2 protein chains.
Amino acid sequence: MDIFQLFAVGKVKKDSEIETIEIYEEYADALLGLDQFSHVIVLYWFHKNDIPEKRGVLRVHPRHNMNNPLTGIFACHSPCRPNLIGLSVCKILSIKANIIHIDSIDAFNDSPVIDLKSYITSMDKMKGAFMPSWATRPRPSRP
Amino acid sequence: MDIFQLFAVGKVKKDSEIETIEIYEEYADALLGLDQFSHVIVLYWFHKNDIPEKRGVLRVHPRHNMNNPLTGIFACHSPCRPNLIGLSVCKILSIKANIIHIDSIDAFNDSPVIDLKSYITSMDKMKGAFMPSWATRPRPSRP
């Protein structure tokens with residue numbers, strides 16, 4: 001089986017007033033030019049679920065709602081999954097040195113950040129995107 | 001330093017005619033309901049770059065084009081980065097058992113797949129997205 005290693009490159013920091021991505025100083029050089037983008041894709045680790053039981057879950061009722069149909073975890077964004085990768089697209093409010101001030105992120109405080117990617121999209125590709133009705137309803141926020 | 005382990009859950013398979021995501025059979029149950037979505041987010045591993053030299057790169061000229069400005073790897077999608085995660089949004093053409101037939105993916109044949117997420121978006125969030133000019137030009141395809 002192929003196994004790969006991930007290193008945390010920063011942390012999600014949030015309190016009642018402000019939400020930020022704090023990149024560790026040794027990776028700060030990797031932020032050059034990010035301020036020219038409106039949005040950033042944040043990949044983080046669902047660190048609270050890093051136990052075999054949670055990584056073995058393959059199907060859930062999305063958003064902890066038993067009224068939503070039983071769904072494979074590759075068809076939803078459940079925080080229980082074989083590889084505990086969370087993905088959020090965040091609006092960039094400002095970047096100062098190694099701190100990115102964002103609008104909001106659906107992740108716990110202190111979640112390890114594993115990658116950032118500028119939000120680049122060819123909207124054409126996603127024209128006519130569709131999804132089941134459970135996925136179109138507003139999502140309850142994760143604390 | 002926080003270190004996490006990733007396991008391959010499948011592979012990218014492509015030849016001159018067809019491009020697919022082949023999910024390993026032990027994870028096939030996790031695909032339930034994905035066929036109700038038009039698009040899937042594929043996270044894969046840039047396995048050819050899994051050496052310290054490539055994982056230590058923090059700035060590049062995007063798309064191997066020296067005319068593009070020197071840019072932090074968190075501001076682009078370079079396959080050299082501390083955590084070698086590639087991200088593509090793919091159109092789903094069909095799903096049969098553990099094989100997802102997609103339109104195309106910007107990844108090498110045999111790239112390990114590490115996660116799939118259904119493409120769920122609130123387009124509102126990305127309204128008014130902007131990016132620098134290098135990012136708006138068509139991207140040369142990766143073989």
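1. Secondary structure. In this predicted model, chain A contains 1 helix and 9 strands, where helices (H or I, at least four residues) and strands (E, at least two) are DSSP runs numbered from the N terminus. Read along the sequence, the elements of chain A follow the order β-β-β-β-α-β-β-β-β-β.

2. Conventions. Residues are numbered from 1 along each chain as its sequence is written, while chains are lettered from A and ligands numbered from 1 in the order in which they are written. Since the model is predicted, local features need pLDDT of at least 70 and side-chain atom pairs count only at pLDDT 80 or more, whereas totals for chains, interfaces and linings use all residues.

3. Overall dimensions and burial. Taken along the principal axes, the C-alpha atoms of chain A fill a box of roughly 45 × 35 × 35 Å. Of the 143 residues of chain A, 38% count as buried; a residue is buried if 20 or more other C-beta atoms lie within 10 Å of its own, exposed if 12 or fewer, and partly exposed in between, with C-beta atoms placed from the backbone. Among contacts in chain A between residues at least 6 apart in sequence, 68% join residues at least 24 apart, a contact being a pair of residues whose C-beta atoms, placed from the backbone, lie within 7 Å.

4. Pairing around β2. Strand β2 (residues 10–14) of chain A pairs with strand β3 (residues 19–23) of chain A in the antiparallel sense over 5 bridges, and β2(A) and β3(A) form a hairpin with 4 residues between them. Pairing here requires that DSSP find at least two bridges between the strands. In addition, β2(A) is joined by 2 bridges to strand β9 (residues 112–118) of chain A, again running antiparallel. G10(A) illustrates both pairings, since I23(A) is its bridge partner in β3(A) and V113(A) stands opposite G10(A) in β9(A).

5. Domains. The domain assignment divides chain A into domain 1 (8–45 + 84–121) and domain 2 (47–83), with bounds that come from an automatic or database domain assignment. The centres of domain 1 and domain 2 of chain A, taken over C-alpha atoms, are separated by 24 Å, and 7 residues of domain 1 are in contact with 8 residues of domain 2. On the side of domain 1 of chain A that touches domain 2 there are 5 nonpolar, 2 polar and no charged residues; Ala, Val, Leu, Ile, Met, Phe, Trp, Tyr, Cys and Pro count as nonpolar, Asp, Glu, Lys and Arg as charged, and the others, Gly among them, as polar.

6. Two residues outside domain 1. F46(A) lies in the loop between β4 (39–45) and α1 (52–55) of chain A, and it is buried because 22 other C-beta atoms lie within 10 Å. Not counting residues up to four places away in sequence, F46(A) touches P79(A), L84(A) and G86(A). V60(A), in strand β5 (residues 59–60) of chain A, also counts as buried, with 20 C-beta neighbours inside 10 Å. Leaving aside neighbours within four places in sequence, V60(A) is in contact with T71(A), I73(A), C76(A), S78(A) and C80(A); the C-alpha atoms of V60(A) and C80(A), 20 residues apart along the chain, are separated by 8.7 Å.

7. Nonpolar core. The largest nonpolar core has 68 residues, and those with the most contacts inside it are V40(A), V42(A), V113(A), V40(B), V42(B) and V113(B). Such a core is a set of buried Ala, Val, Leu, Ile, Met, Phe, Trp, Tyr and Cys residues joined through C-beta atoms within 7 Å. Beyond residues up to four places away in sequence, the residues that V40(A) touches include L34(A), C90(A), I92(A), I100(A) and L116(A).

8. Symmetry. A turn of 180° and a shift of 0.0 Å along the axis lay chain A on chain B with an RMSD of 0.0 Å, and the two copies are thus related as by a two-fold rotation axis. In chain A, the C-alpha nearest the axis is that of Q5(A), 2.5 Å from it. The superposition is by least squares on the C-alpha atoms of residues with pLDDT of at least 70 in both copies.

9. Interface. The contact takes 57 residues from chain A and 57 residues from chain B. β9(A) gives the largest share of the side of chain A that touches chain B, 6 residues, and by class this side has 38 nonpolar, 11 polar and 8 charged residues. Because 100% of the interface residues of chain A are also interface residues in chain B, the copies meet through the same surface. Across the interface, 5 bridges join β1(A) to strand β1 (residues 3–7) of chain B in an antiparallel run, with I3(A) opposite F7(B).

Technical notes: Two residues are in contact if their C-beta atoms, placed from the backbone, lie within 7 Å.
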